[in-house]
Amino acid sequence: MATGHTAASTVAWFAVPAVVVHVAAALLWLGGLGAVLVTARDADVLAVALPRFSRLALGAVVALGVSGALAATARLSSPVELVTTAYGAVVATKIVLLAVAAALGGVARSRLRAGRLPVLAWAAVEVLVLAGATGVAATLTHTA
């Protein structure tokens, strides 16, 4: 998963580890959010898990953004290529999906801090957006 175009790059020494961090952060965010949704039926567990997961998710968002930017430099020599190449268009789509999912997470976090429930509906939409981003990410390996 952390090979392919990135490993063949002249900046592979940092691009490959960036992809590893990227995948790990995505797994933590999406998997953790899925676990929160599964345990949501138990109000006591949810009361403890949701605030903790919220902090973890914020770290995952930061890690995804930084590692994604580093990994993209393996294939994109200029930000202009985000709109002039097929690979750049896929990266730009991932950026938009990350922003949307992060915004949804931010809304859920704000609602949670304010004691306004339910936040689970926001979380379910966040999972769908992240699943879409995962699908888009799969196309990066096939975009020359």
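These legends accompany close-up views of a predicted model of a protein chain.

**View 1. The whole chain, an all-helix fold of 144 residues.**
The protein chain holds five helices and zero strands, giving the pattern α-α-α-α-α along the sequence. Of its 144 residues, 34% count as buried. The accessible surface comes to about 8,000 Å², and carbon and sulfur atoms account for 74% of that area. Among contacts between residues at least 6 apart in sequence, 66% join residues at least 24 apart.

**View 2. The largest nonpolar core.**
This core has 17 residues. The members with the most contacts inside it are W29, L33, V36, L46, F53, A101 and L130. Helices α1, α2, α4 (86-113) and α5 each supply at least two of its residues. The largest share, six residues, comes from α2. In soluble globular proteins, nonpolar side chains tend to be buried together.

**View 3. L33 and its surroundings.**
With residues up to four places away in sequence left out, L33 touches L28, F53, A123, E126, V127 and L130. Among these partners, F53 and L130 are also listed with L33 as core residues with the most contacts. A123, E126, V127 and L130 are buried residues of α5. Apart from the largest core lies another one, of seven residues, among them A72, V91, V136 and L140.

**View 4. H22 in helix α1.**
H22 sits in α1, which runs over residues 12-38. Its relative accessible area is 17%, so H22 counts as buried, the cut-off being under 20%. Leaving aside neighbours within four places in sequence, H22 is in contact with L64, S67, G68 and K94. Of these contacts, K94 is a buried residue of α4.

**View 5. G88 in helix α4.**
G88 lies in α4 and is buried, with 0% relative accessibility. G88 touches L76, E81 and L82, not counting residues up to four places away in sequence. G88 and L76 are twelve residues apart along the chain, and their C-alpha atoms are separated by 7.0 Å.

**View 6. Helix α4 from end to end.**
The 28 residues of α4 should span 40 Å at 1.5 Å a residue, and the end C-alpha atoms are 40 Å apart, which agrees. The buried residues of this helix are Y87, G88, V90, V91, K94, A101, L104, G105, A108, R109 and R111. An α-helix has 3.6 residues a turn, so residues three or four places apart point the same way. After α4 comes G115, whose phi is positive, near 75 degrees.

**View 7. Helix α5 and its buried residues.**
Helix α5 covers residues 120-140, 21 residues in all. From its first C-alpha to its last, α5 reaches 30 Å, close to the 30 Å expected at 1.5 Å a residue. Its buried residues are A123, E126, V127, V129, L130, A133, V136 and L140. V136 and L140 belong to the core of seven residues, whereas L130 is in the core of 17 residues.

**View 8. A nonpolar patch on the surface.**
L58, V62, V66 and L70 make a nonpolar surface patch of about 340 Å². One of these residues, V62, is placed in helix α2, residues 43-72. Helix α2 also supplies six residues to the largest nonpolar core.

Methods:
Residues are numbered from 1 along each chain as its sequence is written. This is a predicted model: local features need pLDDT of at least 70, side-chain atom pairs count only at pLDDT 80 or more; totals for chains, interfaces and linings use all residues. Side-chain values use heavy atoms; hydrogens and water are left out. Helices (H or I, at least four residues) and strands (E, at least two) are DSSP runs, numbered from the N terminus. Buried means under 20% relative accessible area, exposed over 50%, partly exposed in between (1.4 Å probe, protein chains only). Contact means heavy atoms within 4.5 Å. The expected span of a helix is 1.5 Å times one less than its number of residues. Patches are made of residues with over 30% relative accessible area and no salt bridge: like charges are joined within 9 Å, nonpolar side chains (Val, Leu, Ile, Met, Phe, Trp, Tyr) within 5 Å. Accessible areas come from the Shrake-Rupley method with a 1.4 Å probe; for residues, only the protein chains shown count as cover. A salt bridge is a side-chain nitrogen of Lys or Arg within 4 Å of a carboxyl oxygen of Asp or Glu. A nonpolar core is a set of buried Ala, Val, Leu, Ile, Met, Phe, Trp, Tyr and Cys residues joined through side-chain atoms within 4.5 Å.
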